[in-house]
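Reader: I'd like a close look at one part of this model, the protein surface around the DNA. Could you walk me through that, and then show me how it fits with the rest?

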There are 2 protein chains.
Amino acid sequence: MSATIKDVARLAGVSVATVSRVLNASAPVRDTTRARVLDVARQLRFAPNGAARTLSRRRSGALGVILPDLHGEFFSELLRGIDQEAQRAGHSLLVSSSHHDSHGVSVAVRTMRGRVDGLLVMAPDVEAAALDAALPDGLPVVLLNRAPGVTAASVMVDNFGGAHAMTTHLLALGHRRIGFVAGAVDNADSEERELGYRAALQEAGVAFDAELYVRGDFTEEGGWRGARELLARPEPPSVIFAANDAMAVGVLSALREMEIPVPADVAVVGFDDIPIARFLNPPLTTVRVGIAALGARGAALLLRDIAERPPPHRNPRRDILPTVVVVRASCGAACPSSVPAVVPSFLTEDKIP
Amino acid sequence: MSATIKDVARLAGVSVATVSRVLNASAPVRDTTRARVLDVARQLRFAPNGAARTLSRRRSGALGVILPDLHGEFFSELLRGIDQEAQRAGHSLLVSSSHHDSHGVSVAVRTMRGRVDGLLVMAPDVEAAALDAALPDGLPVVLLNRAPGVTAASVMVDNFGGAHAMTTHLLALGHRRIGFVAGAVDNADSEERELGYRAALQEAGVAFDAELYVRGDFTEEGGWRGARELLARPEPPSVIFAANDAMAVGVLSALREMEIPVPADVAVVGFDDIPIARFLNPPLTTVRVGIAALGARGAALLLRDIAERPPPHRNPRRDILPTVVVVRASCGAACPSSVPAVVPSFLTEDKIP
DNA sequence: TTGTATGCGTTATCAT
DNA sequence: ATGATAACGCATACAA
């Protein structure tokens, strides 16, 4: 099929060892031979076989990425961040998605063995113990957004803090009836965000109202349904807090259909700050997560672990990325909706209280 | 480190060949030995080394995916479609993005050799000849959205037809001043869409007006700038046709800032039908591409080529996926904005003239 | 049914 | 500076 190192060696009149040395600059080689080898390699369009190289080097130069899903801008942003960092380190990405249960994760992990130097795992709806069991031994692992009960390094988002801050912001704006559209049952991110929401309410002396709480699923459609539900209440909320931006998009869509002005009659806020959030109509007030940064940080941690080959640690490292509320028009707070027309709204500093 | 097939063989008291036979069901093995082997394998948490298996089988069970970028919902949708199809066939994905020039593609292709069974390449802004040279020989390749001048199978979108149909639709609505926000120079998709737009204008006897043509870059920001530019004209357009949905999002955002009602004063349409398009405010009239289907089709073709190991063909297969105009509110055409509230707008059949 | 031995394409160790 | 050769971990043709 395609040329191997042996072909190059034969045509260049040297041994495979020398060819390898030339290609990897792993040992000094006489200039003339080097030139000859490179010449032949080019002629043959030689490219080293990745599998063979991996087997011999015991290193693949690839990171495994295991995701629950690929729907929406969140995951492409995350992947973008990971890819950016991996590429800087000369690593490629072996991606596997739609793993919602521990079995799926386990299978993915197995097929990745021997082909990746480490694993980046996001599994928000896999139970901790099951996830722990599915992870491989002897391979560096960094978890994204998931830690309690799992013995692996992880980089997480401050879901609690973000939701708490957002809720506090809404309370400060005078809202007392704050609707909440949650994610799927057992989704760890959603749970933490919900806790932040509840805590902030309690601290403000506002009772949690089950009528204002509906379950979604982190999709636009889920947000749409949630909004219809909440608006059908005898006493609808004055603002809807969607547990992620995708649902906030659905909420906005539902309100538009019902011809309910946003934020005048009902305000809307989200969580994540996906890239389109600022381009929505109205621009979405949300909790900035730094999605790409999350991915990049995870990749960086993993690459470090790979490079250092540290002994498996009892107390693995846990990074928590801060979140911040970015105020745009959808929450009704005073914000620069009347900035001079020459300043692109998406280039202005987001207002962060 | 982690257990190898030898370890399993030793502990089970059999040869590695037998272990291999058990694990791959490649030859009959006595039940008792099989049980013993499986038991030991489980105890050792054995998982075959991917690199070794690939080297020996001369098959990796992985598809290489080369993308120009990962920004926005388009690529996540594409990847989702590819992943879906690949997973059905038990293949994983080696993804490499941000390859805008032929050199980048060439490097990505080289690092993938020996680790993938075939290549899925999307490179809309790489010149055809350069792309052709960068592609590997002896490895099945399917191009996404790019064909002329490149000797490889490809699955494309009917960019011309879609843009033509959309422009015709706008003309039928009475629009005569149709602004166009193009993609980056040399972007193949953008070029084809522009040709469709121009052709439809010409057929309708409407002269192309350079004042109504601005260049963008397929990003939201590009669309935003394009809209500002077009609206600053002495005679602004009555509708803006963004060459992709991401730019249409930016256009909508700009118009909202300028407090120009859509579609009343200026209508907006896009291209791609990314998932959020129907949730925008107003819902976006656009050209449906079937992004995930495009990816899935590409993967399916590639998998077929891999399975059949066909001799490199002179006239490689070229699929062209049809496009269709989906009419929502943003173009101002009569459309079901007043459907019964119980019917989720995003579940109604999109109106397709 | 099971074991032995060879090959897959590189890298790395040891000679020379 | 260069060559021969043994891993790397698995699959498989050939024996038994």
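Author: Sure, let's start at DNA strand D, keeping in mind that this is a predicted model. There are 29 residues around that strand, and the ones that come nearest are Ala17(A), Pro28(A), Thr4(B), Ile5(B) and Ala52(B). So which elements build this surface? From chain A, helix H2 (16-24) and H4 each supply at least two residues, and from chain B the same goes for helix H1 (5-12), helix H2 (16-24) and helix H4 (50-57). H2(B) gives the most, with 6 residues. Sort the surface near DNA strand D by class and you get 14 nonpolar, 10 polar and 5 charged residues.

Now flip over to DNA strand C. Here 27 residues sit around the strand, with Ile5(A), Asn49(A), Ala52(A), Ser56(A) and Pro28(B) coming nearest. H2 and H4 of chain A, plus H2 and H4 of chain B, each put in at least two residues. The class split for the surface near DNA strand C is 14 nonpolar, 10 polar and 3 charged.

H4 is a handy link to the next part, the contact between the two chains. That contact takes 52 residues from chain A and 52 residues from chain B. On the chain A side, helix H4 (50-57) gives two or more residues, and so do helix H5 (73-88), strand S2 (92-96), helix H6 (102-112), helix H10 (220-231) and helix H11 (245-257). By class, that side of chain A divides into 22 nonpolar, 18 polar and 12 charged residues.

Strand S2 deserves a second glance. S2(A) pairs with strand S2 (residues 92-96) of chain B in the antiparallel sense, over 3 bridges. Within that pairing, Leu93(A) has Val95(B) as its bridge partner.

What about the inside? The largest nonpolar core has 195 residues, and Val251(A), Val268(A), Val251(B) and Val268(B) have the most contacts inside it. Helix H12 (residues 291-308) of chain B gives the most to this core, with 10 residues. Zoom in on Val251(A): leaving aside its neighbours within four places in sequence, its contacts are Val181(A), Gly223(A), Trp224(A), Gly226(A), Ala227(A), Ile240(A), Ala242(A) and Val268(A).

Finally, the layout of chain A. Its domain assignment gives domain 1 (5-56), domain 2 (60-156 + 291-320) and domain 3 (159-290 + 324-351). Between domain 1 and domain 3 of chain A, the C-alpha centres lie 59 Å apart.

Methods:
Residues are numbered from 1 along each chain as its sequence is written. Chains are lettered from A and ligands numbered from 1 in the order in which they are written. This is a predicted model: local features need pLDDT of at least 70, side-chain atom pairs count only at pLDDT 80 or more; totals for chains, interfaces and linings use all residues. Two residues are in contact if their C-beta atoms, placed from the backbone, lie within 7 Å. Helices (H or I, at least four residues) and strands (E, at least two) are DSSP runs, numbered from the N terminus. Ala, Val, Leu, Ile, Met, Phe, Trp, Tyr, Cys and Pro count as nonpolar, Asp, Glu, Lys and Arg as charged, and the others, Gly among them, as polar. Two strands pair if DSSP finds at least two bridges between them. Domain bounds come from an automatic or database domain assignment. A nonpolar core is a set of buried Ala, Val, Leu, Ile, Met, Phe, Trp, Tyr and Cys residues joined through C-beta atoms within 7 Å. A residue is buried if 20 or more other C-beta atoms lie within 10 Å of its own, exposed if 12 or fewer, and partly exposed in between; C-beta atoms are placed from the backbone. A residue is near a molecule or strand if its C-beta atom, placed from the backbone, lies within 6 Å of it.
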